[in-house]
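User: Hi! I'd like to walk through this fold with you, one question at a time. Could you take a look and help me find my way around?

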Amino acid sequence: MNILEIKGLCKNYNSFCLSNVSFSVPKGEITGFIGRNGAGKTTTLKAILGVIHNDGGTVLFNGADTKECETEFKENIGVVLGGIDFYRKKKLKTVAKVTSKFYSSWDNGKYKYYLDFFGLDENKRVDELSAGMRVKFMIALALSHNAKLLILDEPTSGLDPVSRDELTELFSAIVKDKERSILFSTHITSDLEKCARNIVFIKDGKILFDGTKEDFMNDFKDKGETLENIIVAVERRKIDESAII
C-alpha cells in the first residue's frame, strides 16, 4: 500500500520544468529521492506540498486527492525544508507552542518525550542549536502531532559524518513499527545505502527510476557498482539511461 502517490506532476518555468513526474511512497518505509542539485527534487517536494502552483498532475494521500483532503493531509505530514529559518531568536518552547496551535492531534506528552529522546533543551534559542539538532527538533515537532509521513529536503546536508549516521539510524527507528513513512531528498547517496528501501531518481525534471534499492542495484551488480557510482555514471551519461527506467 502506498501512503503517497504522485501522478503526472508538471511545473513549467522559463529555464526548467518538471515533466510528467510520477512515483509512489510505500507505507511504513523509507524512500530516498535522489538527483544532482538542480534536478528538480525541491521543486517536486514543494509541488507535492502545494507551496507552488502545479501546472498539471495529481497528488494522492492514502488514495485520496490532496485537494479534496487538504486538512487531513496537512494534519498527517511533517515537513523539513532546510533548516529553521524563522523564529531564530525564539526559544524552542515558544516555537513548539506556536506549532501546536495548528494541529488538533498535538500531544504535549510526546513532545516532552522527544525533547528528552533527542537531548533538546526547550529553553535554548533556535540559533543556539547545531544544524543536526535543528533537524532533530523539526522531527520532534512532526512526531509530536503524530505525523504519518515525514517529507524531508536534504536533512543530512552539511552535517558531519557522525551526525548523519545518527539521523539515518533515527529514520530507521521511526519507520520500524510500519506506521510511519519517510520521503527524503538527498544528494548524499551513502546515507540512502544505510537506511532507504526505495529509490526515486530524478534528472532534469524527469523520473528515471522508481522502485526498490535492491532492484536498482541488481541491474548493475555485475559491474560491482555502488549506489553512488551508478548515480555518477548516469549523471555523466556513461551508461544508457533507458537501462534504469
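User: Happy to start in the middle of things: in strand 9, which residue is the bridge partner of Phe33?

Analyst: Keep in mind as we go that this is a predicted model. Strand 3 and strand 9 run parallel and are joined by four bridges. In strand 9, the residue that partners Phe33 is Val200.

User: And which residue in strand 8 is the bridge partner of Thr31?

Analyst: Strand 3 also runs parallel to strand 8, with five bridges joining the two. For Thr31, the bridge partner in strand 8 is Leu183.

User: How many of the residues of strand 3 are buried?

Analyst: Let's take the two faces in turn. In a regular strand, side chains alternate between the two faces of the sheet. On one side of strand 3 we find Ile30, Gly32 and Ile34, on the other Thr31 and Phe33, and all are buried, so both faces are covered. Strand 3 is therefore largely enclosed by the rest of the structure, and its buried count is five of the five.

User: Which strands stand at the edges of the sheet, with one side of each left without a neighbour?

Analyst: The sheet is open and has six strands in the order 6-7-8-3-9-10, with mixed pairing. The strands at its edges each have a single partner strand, so one side of each has no neighbour in the sheet. From one strand to the next, the twist averages 10°. The edge strands are strand 6 (77-81) and strand 10 (206-212).

User: Which residue in strand 10 stands opposite Ile202?

Analyst: Strand 9 (residues 198-203) pairs with strand 10 in the antiparallel sense, over six bridges. Opposite Ile202, in strand 10, stands Ile207.

User: At about what angle to strand 8 does the direction of helix 6 run?

Analyst: Helix 6 (residues 161-174) packs on this sheet. The strands touched by helix 6 are strand 3, strand 7 and strand 8. Its direction makes an angle with that of strand 8 of about 155°.

User: What about helix 1: at about what angle does it run to strand 7?

Analyst: Helix 1 (residues 41-49) lies across strand 3 (30-34), strand 6, strand 7 (149-153), strand 8 (181-186) and strand 9. Relative to strand 7, helix 1 runs at about 145°.

User: Which are the edge strands of the four-strand sheet?

Analyst: That open sheet has the order 2-1-4-5, and its pairing is antiparallel. An edge strand here pairs on one side only. Helix 1 packs on this sheet too, touching strand 1 (2-12), strand 2 and strand 4, with its direction at about 110° to that of strand 1. The edge strands are strand 2 (17-26) and strand 5 (64-65).

User: Which residue in strand 4 stands opposite Leu4?

Analyst: Strand 1 and strand 4 are paired in the antiparallel sense over five bridges. The strand 4 residue opposite Leu4 is Phe61.

User: Which residue in the turn of the hairpin has a positive phi?

Analyst: Strand 4 (residues 56-61) and strand 5 pair antiparallel over two bridges. Across that pair, Leu60 stands opposite Asp65, and Phe61 stands opposite Ala64. The two strands form a hairpin with two residues between them. The turn residue with a positive phi, about 50°, is Asn62.

User: Is Phe102 buried or exposed?

Analyst: Phe102 lies in the loop between helix 3 (92-100) and helix 4 (108-118). With Tyr87 and Val98, Phe102 forms a nonpolar patch on the surface, about 310 Å² of accessible area together. The relative accessibility of Phe102 is 63%, and exposed means over 50%. Phe102 is therefore exposed.

User: And Phe209, buried or exposed?

Analyst: Phe209 is found in strand 10. In sequence, Phe209 and Phe23 are 186 residues apart, while their C-alpha atoms are 8.6 Å apart in space. The relative accessibility of Phe209 is 10%, and the cut-off for buried is under 20%. So Phe209 counts as buried.

User: One last stop: what is the relative accessibility of His145?

Analyst: His145 sits in the loop between helix 5 (131-144) and strand 7. Leaving aside residues up to four places away in sequence, His145 touches Glu75, Ile77, Gly78, Tyr103, Ser105 and Trp106. His145 counts as buried because its relative accessibility is 2%.

Notes. Residues numbered from 1 in each chain as written. Predicted model: local features only at pLDDT ≥ 70, side-chain atom pairs only at ≥ 80, totals over all residues. Heavy atoms only, no water. Pairing = 2+ DSSP bridges. Axes fitted to C-alpha atoms, helices over the stretch in contact; angles between N-to-C directions. Contact = heavy atoms within 4.5 Å. Patch = residues over 30% accessible without salt bridge, like charges linked within 9 Å, V, L, I, M, F, W, Y side chains within 5 Å. Areas by Shrake-Rupley, 256 points an atom, 1.4 Å probe, with all protein chains shown as cover. Salt bridge = Lys/Arg side-chain N within 4 Å of Asp/Glu carboxyl O. Buried < 20%, exposed > 50% of the residue type's maximum accessible area, 1.4 Å probe, protein only.
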